[in-house]
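Happy to walk through this one with you. Have a look at the chains and ligands below, and we can ask what lies behind each label.

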Amino acid sequence: MATTALTPTSETYRRSWVIEWLTTVDHKKIGILYIVNSFAFFFAAGILALLVRSELAVPGLQFLDERTYNQAFTMHGTIMIFLFVVPVLSGFANYIVPLQIGAPDMAFPRINALSFWFLPLGGLLIFSGYLFGGAAAEGWTLYTPLSGGKFSTGVGTDLWLIGLLLVGTASILGSINFIATIFKMRAPGMTLFRMPILVWTVLVTATLILLATPVLAAGMIALFIDRNYGGSFFDPNTGGNPILWQHLFWFFGHPEVYIVILPAMGVVSEILPVFTRRPLFGYRAFVHATIAIGLLSFSVWAHHMFTTGQVFMPFFSFMTALIAVPTGVKMFNWLATLWRGSIILATPMLFALGFLSMFLIGGISGVMLSAPPIDFHLQDTYFVVAHLHYVFFGGSVFGVFAATYYWFPKMTGRRLNEPLGKVHFWMHFIGFNLAFFPQHILGIQGMPRRVADYSPDAGWTLLNLMSTAGAVLIAASVLPFLVNVVATFINGERVGDDPWEGNTLEWATSSPPPAHNFDKLPPIRSERPVFDLRHRHDAERVSVAKVEDQ
Amino acid sequence: MTVQVPTSMSADTTTHTALAHREAGMPTPLVGMLLFIASEVMFFGGLFASYFNARAVHIGEWGPPAGAPELEIFPIALPITIILVASSFTMQFGVWAIRRGDQRAMRNWTLLTLVLGVTFLIGQIYDYTQLGFGISDGAFGTVFYTLTGFHGAHVFGGAVGLTILAARASQGQFSKQNHVAVEAISIYWHFVDVVWIALFSTLYFLR
Amino acid sequence: MSRPMARPRTRSFLRAGALLALVLLATACGMVPPEPHTTEAKEVFWLYNVILVMGGIVFVAVEGFIVYSVLRYRRRDDRLPTQIHGNNLVELIWTAIPTVIVLILFVLSTLTLNSVSQASTHPGVTIEVEGKQWSWVFHYLDDDGDPSNDVIVQGTALDGAVMAVPVGEPVKLILISNDVIHSFYVPAFLVKRDVVPLPEAKKPNELEFTVTEKGTYSGQCAEFCGDLHARMTFSVQAMARPDFDAWTAAIRAGETPAPSVPAGGGVLKVSAKNTAFDTKALEAAAGQPFKIEFTNDDSFDHNVGIWNGSEELFRGEIFSGPATKTYDVSGLPAGDYTFVCDVHPAMTGTLTVK
Ligand code: HEA
Ligand code: HEA
Ligand code: CUA
Ligand SMILES: [Cu+2]
C-alpha cells in the first residue's frame, strides 16, 4: 500500500531537551508529560493496591494495621482516579485532539502547560500526608463528619483537600482549553459532524468537567473551612448537615465517572473502525448518545446515597437505569462495526475488545445497583468494588492501554512489539478477571468494603485469595509492558507515518509530527479524511451507503 | 451558552496550511472567558446550595446568631450594593468607548470602575467588623462569611484585572479593532456584579 | 501486516471460550445472595434473581456477539469490507430494546421498594440502635415511661452486641448516631440502612423487618467510620416470643447474657513525660466503657493505645504536649492488656480489666 501521508518538510527548532520539556507549550510535548506523569502515579497507586490485596489475602492483620490500611485504600482510590485515569486521558486528548481537528496547537498553549504542572504538584501534596503524621484515611469519598476536624485530626486530610483543589483547578482550566480549541481551531471543512468521535467525547467530557468540578471545589472549600476555621457546614451539632457533603461530592462524583469513561469510549471508537476497516456504524447516533449520557449524568448522583434514607429514590433510580439506553446504543454501534468487518487482532484492537467485554460487565452490575432494594444489600460491599473496577479498570484503563499501543507509533515513529503486547494483554486480562470477578461474589455474600480484616468463619478466604492472586498477575503484566515501552523507545521497529492505515488527520502528518503539526491537510469531506485520501481512486469499489453533509 | 460556531464552511476547501484557523465568530479569549464564567456559576451554585441546605435544616429563626445584631442594609450593605451596580455601568461605558476607538475615555471609565470596586471592598471589610458574629458562630455565620468572602475575593480579582487594563490603556495597547481583554474583563465584572445581586437579595431579603 | 488467521488459533480460542463458560457457570451459583431470612428479604431475593437473569441474558447476547464476530470476521485479504455507515431501522430497534428492559426493571424495583419500605403500625419491638465508633448499642424501647429498667445491650469492638428479636413479628429500628455515619447491615436480611448523625430538624432513619426463621445472623457496620470500622460487628438472634421475653427479663434482672451498660465507667489518669508513662499499671471494669485522661507533658507526640498481644484494640489520638485529652474507650472483656504509646513502643504498661 502506497503511503498516503503528506510528509511535512520544515525542521523543528532545537534547545537543551531538559529546558525544552520543562518550558514547553507544545500540546504534543505536554500530552506526553501528562501521560508519563500519570503512569508514574498509576504505579504508585498500584503498589498501594497490592498492599491492600496482600493484607486481605487471608484473615488476620499481617502487614498493615487498620490505620495504615485505611490510608492505603484512600490514597489508592484518590490517586488512581484524580492522578491517573483523568489526567492520562487528558494527556492523550492533548496530544491527539488538535491533530485530529487539523489545528496547530491548543487554543491557549500557556494555560495548557500551567494545567499540566499543577498535577504533579497536587499529587505530591496529596501524598505528602504520609510525611506529616499520616495521609488522609476517610476513603476517596471523604464523607463527613468522619472527615471533619473532630474525627480526623491529622493534616493529611487538609493536604488531600489542598492537593485536590489544585488538581481540580487544573482540570477546569484544561477543559476550558479543550472546548475553546474544539470550537475555534478546527481546520476548514472539519464541521462538527465530521469530527472524529474521540473529539466529540472529549468535548462532552470537558463540558462535564467544567460544570461538575467547581461544585466539588465548593464542597472541598466548605470542608476546609469546617476543619480549620470552625465552620459548621457539615457538623450536625452546630446546625450543619453531613448529608450535604454527599450531595456536593456525588453531584461531581457521578459526572466524574463519565469523565473517565467517555474519552475511553472515544479511543475505542477510533480503534474499532481502523482494525475492522469499517466506518463507525451509526456515527450520528453515537454522538447523540454521548451528549445524552453527558446530560443524564447530572441527574443521577443520589444513586450513591440510596441507603442514607435521605433522597427520593424512584427518580434517581429511574434516571440511573436510563443511562443504560444511550450506553447500549453505543455498545450496539460497536458490535455492528465488528459485524462483517475485516478484523485484525493487533494489540490495540485486543485492548479495545477487552474494553467492550469488561465494560459490559461493569455496566450490567451498575444497572443492578440502580434498583434501590438491591442496592440496600449491595451498597458498600465488594460488589460495588467489583463494579467500579470493571468500569474503571476494565473500561477506562483498557482504553488507556489501547490508546498507548495505538498512538505510540505516532508519538515516536516506532511501533511497540506485538508479541510482547499480546503477552501483556492476556496476562492483564486474565489477572483482571481473577482479581475482580470474585469480588462480585464476595459482595453478594455480604463482605463490606473498606475493611482491613474479616473473620475466618465468614467463608470469604478462598475468594479473597483468588483476588489477591489476580492482583499479583496484573502487577506482573506491567513488566512486559514497561520492557516493551523502554525497548521500543530505544530501538523499536520504525514503521513510518501511518502504520495502521488510520482514518483521521493525525495520520496525515509525520510521526512524530512537527511542532506546527501540519504542512498540508487533505480535504476534509467526512469523518475519515485520511481514509478518503487513501481510497480516492477506488471510490467505485466502495459502496458508500450514506454521504451526509454537515 | 452563547458560543457561536460557524459550521457551514464549504466542504470543498483544501488548505495548504493548518495555521488558517477560523477567525470568524467570537474571539477565542472571549470564548475562554465565557467558559470560565460557566464554571464560576457552578462554583457559586455549590455555595448557594450549601446556604439553602443550612437554612432548610435550621431550627428557629434564620439569621445572625443570638446576641448579634440583625443584619441591616444600612448604613453599609445597600450603599455598597449601589456602588457595585454602578460600577457595572461605568465598565460598560468603558467598553463602548473602546469600541468607538476612544482609548482615553476607556481608561478613565476603567479607573472609575476600579475606584468603585475598591470602595465596595473597603465597605465590605468595614461591614465585617460591625457585624458582631464570626465564621465559627453557627451555620449562618459560616455560610454568610463563606459566600460574601468568596464574592469579595472575586471582586478583588476583578480589581486586579481592571488595574492591568488601565495600565495597558495608558500605554496605548488597545484600539477599536483590538481590545479583547477589555471585553473579557468586562464580562467577568458584570458576572461578579450579578453574583452580588443574587447574594445580597438572598442574605438580606429572603428571610 | 495482515496475515490471514491460522486455524489452530481458532481452536485455542474456542477452548479458552469453553473454559470461560465453565468458570462463568461455577460463579453463577456464587452470584445468588445468601438465603433470605426476613419477609422483606424474600421479596428482594426474588427481584434480585429476576434482574440477575435479565443481566445474564444481556451479557451472554452481547458477549456472544463479540466473540462470534471476532472469530468469524478475521481479516483474510486486503479487500475492503462493505462500508456501512448506519441503518436507521436497526438503530431504532436497539434503542427501544434497552428502553423496554429498563422500564420493566424500574417498575419491578419500585414495586418492591414500596412493599419493603412499608411501615407497620404496631411493631412487635422497637429498638433504638446507636452506632458509635466502634460498637453498637441496642436500646429496647418500651412504653412504661421509666428509662431506669430499659433493656440496653452494649457491644465493644471486640465483642459485638447481640440483638434479640422475636420471630414473626415486625421489628422496628430507630437508627441514631452522635459521632460519624455508620450503617446497620445484616447480609442474611439483604438490607442495610445508614446510621446518620442528622441535624435536629431531621428525623432519624428507621428500618423495619420481620424475621422468618430462628437463628443467629451476623451483622456488621457497612459505612466506613474510621480506624476500627472492620471490627464494628454485632449479631441478631431471632427467637420465639417466649424465649425473647425471657431474654429481656433476664437482662432486666441483671443476669446478663450480654453485658449491660452502667452509667459512665471510671476515668483513668495517665501522663507521659520524658518519653515515659507515669504509671505501669491501670485497672478498669470488664465490659464497661471507660475514659482515659491522658496528659502529655512532652513537646512531641504521644498517645495511649491498648493492645491485646499483637492486636491493637484502641488507639488514642496522637498529639503533642503539653496538653491533656480524654479518650473514650469502649468496654473490654476481662483480662490483661498492655497499654502502649504507639509513637514510642518502648513506653508500655499493663491494663488489667476485671
Ligand atoms: C467509569 C466509571 C463508571 C461508569 C461508566 C459507571 C456506570 C454506571 N454505574 Fe457506577 N460507579 C462507579 C463508576 C462508574 N459507574 C464508581 C467508582 C462507583 C463507586 C463509588 C464509590 O462508592 O466509591 C459506582 C457506583 C455505582 C452505584 C452506587 C453503588 C453503591 O454504592 O451503592 C450505582 C447505583 O446505581 C451505579 C450505577 C451505574 C450505572 C447504572 C452505570 C451505567 O452507566 C452503565 C451503563 C452500561 C451498560 C448497561 C452496559 C451496556 C449496555 C447495554 C448492552 C444495553 C442493554 C443493557 C441493559 C438494558 C441492562 N454505580
Ligand atoms: C482507575 C481506577 C482504579 C484502578 C486502575 C484500580 C486498580 C486496582 N485496584 Fe482499586 N480502587 C479504586 C480505583 C482503582 N483501582 C477506587 C476508586 C477504590 C475505592 C477506594 C475507596 O474505597 O475509597 C478502589 C478500591 C480498591 C479495593 C477495595 C479496598 C477496600 O474497600 O478496602 C481493592 C481491593 O482489592 C482494590 C484493588 C485494586 C487492584 C488490585 C488494582 C490493580 O489492578 C492495580 C494494578 C497496578 C499495579 C499492580 C501497579 C503495577 C506496578 C508495579 C508492579 C511496580 C512497578 C514499579 C515501577 C517500575 C516503579 N481497589
Ligand atoms: Cu461504623 Cu463502620
Ligand atoms: Cu454514580
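Q: What makes the pair formed by Leu369(A) and an oxygen atom of ligand 1 a polar contact?

A: This is a predicted model, and in it a polar backbone atom of Leu369(A) lies 3.4 Å from an oxygen atom of ligand 1. The cut-off for a pair of N or O atoms is 3.5 Å, so the pair at 3.4 Å qualifies.

Q: How do you know that Ser370(A) and Trp140(A) also make polar contacts with ligand 1?

A: A backbone N or O atom of Ser370(A) is 3.3 Å from an oxygen atom of ligand 1. For Trp140(A), a side-chain N or O atom is 2.8 Å from an oxygen atom of ligand 1. Both values are within 3.5 Å, so both pairs count.

Q: Why is the site of ligand 1 called shared between chains?

A: Residues from chains A and C surround ligand 1, so the site is shared. Helix 11 of chain A gives the largest share of the shell, 6 residues.

Q: How do you know that His76(A) makes a polar contact with ligand 2?

A: An N or O atom in the side chain of His76(A) is 2.8 Å from a nitrogen atom of ligand 2. That is within the 3.5 Å limit, so the pair is a polar contact. Two more pairs involve an oxygen atom of ligand 2: a polar backbone atom of Trp140(A) at 2.8 Å, and a side-chain N or O atom of Gln439(A) at 3.2 Å.

Q: What classes of residue make up the shell around ligand 2?

A: The shell divides into 24 nonpolar, 6 polar and 3 charged residues. Tyr69(A) and Phe393(A) are among the closest to ligand 2. Tyr and Phe count as nonpolar, so these two belong to the nonpolar class.

Q: Why are strand 4 and strand 7 of chain C called edge strands?

A: The open sheet of 5 strands in chain C has the order 4-10-9-6-7, with mixed pairing. Strand 4 (161–166) and strand 7 (191–195) each have a single partner strand, so one side of each is left without a neighbour in the sheet. From one strand to the next, the twist averages 25 degrees.

Q: How do you know that strand 6 and strand 9 of chain C pair?

A: Pairing takes at least two bridges, and strand 6 (residues 182–186) and strand 9 (residues 215–221) of chain C have 2 bridges, so they pair, in the antiparallel sense. Tyr185(C) stands opposite Gln220(C) in strand 9 of chain C.

Notes
Residues numbered from 1 in each chain as written. Chains lettered and ligands numbered in written order. Predicted model: local features only at pLDDT ≥ 70, side-chain atom pairs only at ≥ 80, totals over all residues. Heavy atoms only, no water. Near = heavy atom within 4 Å. Polar contact = N/O pair within 3.5 Å; in protein donor to acceptor, adjacent residues only side chain to side chain. Helix = DSSP H or I, 4+ residues; strand = E, 2+ residues; numbered from the N terminus. Axes fitted to C-alpha atoms, helices over the stretch in contact; angles between N-to-C directions.
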